[in-house]
Amino acid sequence: MSSAFEQFDPVRVPSPCHVLDLARLEDNLKLLRRVADAADVEVLLALKAFSCFAVSDLINQYLNGTAASGLYEARLGKKRFGGQVHAYVPGLKEAEIADLLRFSDHLILNSLGQWQRFRDLLEQKPDVAIGLRVNPGHSEVKKPLYDPCSPWSRLGVPASQLTPDDLDGLSGIHVHGLCDHGYDAFDRMLAAVEENCGHLFTAIKWINLGGGLLITDDGFPVQKLIDRLAGFKGRTGLKIYLEPGTAVALHAGALVSEVLDRSSNIGELAVMDASATCHMPDVIEAPFTPDVIGGKALSRNKKPAANKPHIIRLGGPTCLAGDVIGTYRFKKIPQVGDRLIFLDLGYYTMVKATTFNGTPLPALALWDSNTDVLKIAREFSYVDFESRLS
């Protein structure tokens, strides 16, 4: 797949640097708006995946609001983004309830125990809709780390344990069972939701179907999704919310990094100024190897032959032995001082970045691939590292 970043000169920005393509971001938002309008649903940005408020004005033009996973995200959604704020807090603290109610339009509980313990407090602000996270009992995610519906999952109440009477005083439910999936997985999940959660529909007014669906990916069957959502809405009469995260910034972000050093040990090695563990931890957690312009990613499960030409392993600047971005084949091996562009690192990157080892955070640049206008939105310094410590 071609990328607009193939036309971007990485020397134009500091290194390391996150670069957001505003043109692609807006294309994604327009498509999500089309789905919302055609299916008569509401679409929220999942801040856990992408919370860059430097582009909040653009996002606010197209989406209905934000979905938060805790008090700070709810506050960020209220302060920096427009529209509604839907907060789901697995570990709800009594001391945070007043602020959550102040910042949120919808507050989704993780258990009936939370509802029973805090009902008096929650009902003090009746204009906030209170809902419950429900586990639909259907898994599509293969990696246990990302599967919210796995056995022993702490996220939500199993639908099989609930009756309509249990939802007394609550107005909706939240289900989530996908992680970067295509339409077919969503279709199966929604069928399971109808079958396993349908007995609850008479007791509620709305349902949040979560995120994890790659609506904005190239080739995604958008009309099939619209028809499926419209059919579900017609059968149930429920108000429907979606909360994509990845889909908002999909193919819209890249990470520029510079080669700091070269060496060899069995094969060729390079130390970059971007770190997998600090700046793209899903590379290690998933794991996966991000695409890079000019190179071909090799499998993380296979060790390349020793000293094979044009193959090099790229790693970060930290002292963590496993800080490895990936192994690649290049037509020309990168040299010290060369800049590389790693693709599709806009989501679940900035939100997870750390300063482990005193590693500086990447700068943030906004670039419009249609006009070539570039703006450095923020650069980070030692102060950002020190302020996290005491």
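Trainee: Contact here means heavy atoms within 4.5 Å, right, so going by that, what do the buried residues of α7 pack against?

Mentor: They pack against α1 (22-39), α6 (183-197), β9 (206-208) and β10 (239-242). Before we go on, this is a predicted model, where local features need pLDDT of at least 70 and side-chain atom pairs count only at pLDDT 80 or more, while totals for chains, interfaces and linings use all residues. Residues are numbered from 1 along each chain as its sequence is written, and side-chain values use heavy atoms, with hydrogens and water left out.

Trainee: And the α and β labels, what are they?

Mentor: Those are DSSP runs numbered from the N terminus: helices are H or I with at least four residues, and strands are E with at least two.

Trainee: OK, which residues of α7 are buried?

Mentor: V222, L225, I226, R228, L229, F232 and K233. Buried means under 20% relative accessible area, exposed means over 50%, and partly exposed is in between, using a 1.4 Å probe and protein chains only.

Trainee: Why do they line one face of the helix?

Mentor: Looking down the axis of α7, the buried residues fall within an arc of 165°, so they sit along one face. The arc is taken from the directions that run from the helix axis to the C-beta atoms. On the other side of α7, G234 and R235 are exposed.

Trainee: How far does α7 reach from its first C-alpha to its last?

Mentor: α7 covers residues 222-236, 15 residues, and reaches 21 Å, close to the 21 Å expected at 1.5 Å a residue. The expected span is 1.5 Å times one less than the number of residues. Just after α7, G237 takes a positive phi of about 75°.

Trainee: What about α1, what should its span be?

Mentor: Its 18 residues should span 26 Å, and the end C-alpha atoms are 26 Å apart, which agrees. The buried residues in α1 are A23, R24, L25, N28, L29, L32, V35, A36 and A39. What covers them includes β1 (17-21), β2 (42-46) and α7.

Trainee: At what angle do α1 and α7 cross?

Mentor: Roughly 35°, and the axes come within 9 Å. Axes are lines fitted to C-alpha atoms, for helices over the stretch in contact, and angles run from 0 to 180 degrees between N-to-C directions.

Trainee: Left-handed or right-handed crossing?

Mentor: Right-handed. A crossing is left-handed if the near helix is turned anticlockwise from the far one by less than a right angle, and right-handed if clockwise. On the α1 side, L31, R34, V35, A38 and A39 meet V222, Q223, L225, I226, L229, A230 and K233 in α7.

Trainee: Changing topic. How many disulfides does the count come to?

Mentor: Zero, where a disulfide is a pair of cysteine sulfur atoms within 2.5 Å.

Trainee: Why is there no bond at C149?

Mentor: Its sulfur is 9.2 Å from the closest cysteine sulfur, in C197, so that is too far for a bond. C149 counts as buried at 8% relative accessibility. For C179, the closest cysteine sulfur is in C149 at 12 Å, again too far for a bond. C179 itself counts as partly exposed at 27% relative accessibility.

Trainee: Back to β9 for a sec: is N208 buried or exposed?

Mentor: Buried, with a relative accessible area of 0%. N208 sits in strand β9. Not counting residues up to four places away in sequence, N208 touches L44, H86, I173, H174, V175, Y241 and E243.

Trainee: Any backbone oddities? Which bonds are cis?

Mentor: A cis peptide bond joins S15 and P16, with omega about -5°, and P16 is in the segment before β1. The bond from A286 to P287 is cis too, with omega near -15°, and P287 lies in the loop between α10 (282-285) and β13 (295-297). As background, most residues other than glycine have a negative phi, and most peptide bonds are trans.

Trainee: So which residue other than glycine has phi near 60°?

Mentor: D40, a positive value. D40 is placed in the loop between α1 and β2 and counts as exposed at 52% relative accessibility. D372 also has a positive phi, near 70°. D372 is in the loop between β17 and β18 (374-378), and at 39% relative accessibility D372 counts as partly exposed.

Definitions and conventions. Contact = heavy atoms within 4.5 Å.
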